[in-house]
Amino acid sequence: MQELNVPDDLKIFIEGSPVALALALPDGDHPLALVNPRFSELTGYSHAELVGRNCRLLQRDADDRDARAKLRAFLEDDAAPSVRTPILNFKKDGTPFVNLLYMSRLRSLSGPTRFIFASQYDVSRAQPERLQDYDQALGQTLTRLTPIAAESGIIVEGTLTTIAHSATTIAQAKLTLADLDEGSML
Ligand SMILES: Cc1cc2nc3c(=O)[nH]c(=O)nc-3n(C[C@H](O)[C@H](O)[C@H](O)COP(=O)(O)O)c2cc1C
């Protein structure tokens, strides 16, 4: 089981986090190694349904090309510390949402990337102050994760660029869903 590769302390911390989190392996097609309960609440998919699979299944048939290109550019460049983009996703029950996706790397002290770290947030149903709360919670998660990861010889890379214009970001996410209703994104 790939999940067994996640050090225990790291796994316990991620599972208890108040924000949706996922870890994937850095090689191959980036199979998921772990998703936490908040991720399952957000998407409707359990850990067992997703482990070993690529998280793009949340995109279904939507072709959010710019967002995917940004994510691919990050994954293909081992020197890129982090990426953040909204991307159109679907919950297990088919409900669309705009996922504000953050990704960074967890790197071994010896150099190679151990895991790709990600956090997901439904920006299309948020209020601006909720997005700010989420940003704060994700920032705290990254800060608290750092010493726990260090115990396992892992460095938490990337800095979280928080969303400066929450209201604009949320309005754009709602427009994306409105476009979807008109059938122009599928
Ligand atoms: C740890 C991790 C979590 C990810 N989470 C999501 C996600 O929640 N939603 C999504 O649409 N893509 C997510 N992705 C990105 C996709 O897996 C994929 O990398 C992206 O679609 C670009 O590659 P592609 O064009 O080959 O699909 C995640 C990737 C990783 C490594």
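Which pattern does the protein follow, read along the sequence? The order is α-β-β-α-α-α-β-β-β-α-β-α, with six helices and six strands in the protein; helices (H or I, at least four residues) and strands (E, at least two) are DSSP runs, numbered from the N terminus. The radius of gyration of the protein, 16 Å, is close to the 16 Å given by the globule rule for 186 residues, so the protein is as compact as a globular protein of that length. The radius is taken over C-alpha atoms, and the globule rule is 2.2 Å times the number of residues to the power 0.38. Along its principal axes, the C-alpha trace spans about 50 × 30 × 30 Å.

The model is predicted, with pLDDT of at least 70 needed for local features and 80 or more for side-chain atom pairs, whereas totals for chains, interfaces and linings use all residues. Residues are numbered from 1 along each chain as its sequence is written, and side-chain values use heavy atoms, with hydrogens and water left out.

The ligand is surrounded by 18 residues (a residue is near if one of its heavy atoms lies within 4 Å). The closest are N54, R56, R68, R72 and N89. By class, this shell holds 10 nonpolar, five polar and three charged residues, where Ala, Val, Leu, Ile, Met, Phe, Trp, Tyr, Cys and Pro count as nonpolar, Asp, Glu, Lys and Arg as charged, and the others, Gly among them, as polar.

Polar contacts (pairs of N or O atoms within 3.5 Å) link oxygen atoms of the ligand to several side chains. For R72, the distance from a side-chain N or O atom to a ligand oxygen is 2.4 Å, and for N54 it is 2.6 Å. A polar side-chain atom of Q120 lies 3.1 Å from an oxygen atom of the ligand. Taken alone, the ligand exposes 620 Å², of which the protein buries 96% (Shrake-Rupley method, 1.4 Å probe). Two or more residues of the shell come from each of α4 (65–76), β3 (82–90), β4 (96–108) and β5 (113–120). The largest share, four residues, is given by α4.

Terms used:
A polar contact is a pair of N or O atoms within 3.5 Å; within protein, one must be able to donate a hydrogen and the other to accept it, and residues adjacent in sequence count only if both atoms are side-chain atoms.
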